[in-house]
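Colleague: I'm new to reading structures, and I'd like to know where the labels come from. Can we go through this one together, with the reasons spelled out?

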Amino acid sequence: IKFGTGQGVIKPYVYFNMLTGKGEQGKISIAVEGDLSGAAGANASFSATLTSTVKPAEYTYAPPTP
């Protein structure tokens, strides 16, 4: 989202620890700081700032039931 504005840069996220299955979920704004490198055949690099827009809620992973 390099040139996004307003609500277009706010996205939902989920973070959790695979060992405990517990984490958090919320919404963040994404601001790309730089995307200067990335020669052909090389790994590209970028930097971004992720800022929470609401207080994260507790998240506990539960596998889907068949």
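Modeller: Sure. Keep in mind that this is a predicted model. Let's start with the aromatic rings: searching the whole structure turns up one aromatic pair.

Colleague: Which residues form that aromatic pair, and what makes it tilted?

Modeller: The partners are Phe-16 and Tyr-59, with 6.0 Å from centre to centre and 45 degrees between the planes. Rings count as a pair if their centres lie within 6.5 Å, and planes under 30 degrees apart would be stacked, over 60 edge-to-face. The 6.0 Å is within 6.5 Å and 45 degrees falls between those two angles, so the pair is called tilted.

Colleague: How do you know that the pair links distant parts of the chain?

Modeller: Look at where the partners sit. Phe-16 belongs to strand E1 (residues 10-16) and Tyr-59 to strand E4 (residues 57-60), and they are 43 residues apart.

Colleague: Why is Phe-16 called partly exposed?

Modeller: Its relative accessibility is 33%. Buried means under 20% and exposed means over 50%, so a value in between gets the middle label. Phe-16 also helps make a nonpolar surface patch of about 440 Å², together with Val-14, Met-18 and Tyr-61.

Colleague: And Tyr-15, in strand E1 as well: why does Tyr-15 count as exposed or buried?

Modeller: Exposed, because its relative accessible area is 52% and the cut-off is over 50%. Leaving out residues up to four places away in sequence, Tyr-15 touches Gly-23, Glu-24 and Tyr-59. Tyr-15 and Tyr-61 are 46 residues apart in sequence, yet their C-alpha atoms are 9.9 Å apart in space.

Colleague: What about Ala-48: what label does it get, and why?

Modeller: Ala-48 lies in strand E3 (residues 45-52). With 36% relative accessibility, Ala-48 is partly exposed, because that value is neither under 20% nor over 50%.

Colleague: How do you know what Ala-48 is in contact with?

Modeller: Contact asks for heavy atoms within 4.5 Å. Setting aside neighbours within four places in sequence, Ala-31, Val-32 and Glu-33 meet that for Ala-48. The C-alpha atoms of Ala-48 and Glu-33 are separated by 5.0 Å, with their positions 15 residues apart along the chain.

Colleague: Ala-40 is in the loop between strands E2 (22-37) and E3. Why is Ala-40 called exposed or buried?

Modeller: Ala-40 has 85% relative accessibility, so it counts as exposed; the cut-off is over 50%. The C-alpha atoms of Ala-40 and Thr-20 are 40 Å from each other, for residues 20 apart along the chain.

Colleague: Let's zoom out. What makes the pattern of the protein chain β-β-β-β?

Modeller: The chain has zero helices and four strands, and reading along the sequence gives β-β-β-β.

Colleague: Why is the chain said to be more spread out than a compact globule?

Modeller: Its radius of gyration is 16 Å, while the globule rule gives 11 Å for 66 residues; 16 Å is well over that, so the chain is more spread out than a compact globule. The C-alpha trace spans about 45 × 30 × 20 Å along its principal axes.

Colleague: How many of the 66 residues count as buried?

Modeller: The share is 11%. The chain exposes about 5500 Å², and 59% of that comes from carbon and sulfur atoms. Among contacts with a separation of 6 or more, 39% involve residues 24 or more positions apart.

Notes: Residues are numbered from 1 along each chain as its sequence is written. This is a predicted model: local features need pLDDT of at least 70, side-chain atom pairs count only at pLDDT 80 or more; totals for chains, interfaces and linings use all residues. Side-chain values use heavy atoms; hydrogens and water are left out. Helices (H or I, at least four residues) and strands (E, at least two) are DSSP runs, numbered from the N terminus. Buried means under 20% relative accessible area, exposed over 50%, partly exposed in between (1.4 Å probe, protein chains only). Patches are made of residues with over 30% relative accessible area and no salt bridge: like charges are joined within 9 Å, nonpolar side chains (Val, Leu, Ile, Met, Phe, Trp, Tyr) within 5 Å. Accessible areas come from the Shrake-Rupley method with a 1.4 Å probe; for residues, only the protein chains shown count as cover. A salt bridge is a side-chain nitrogen of Lys or Arg within 4 Å of a carboxyl oxygen of Asp or Glu. The radius of gyration is taken over C-alpha atoms; the globule rule is 2.2 Å times the number of residues to the power 0.38.
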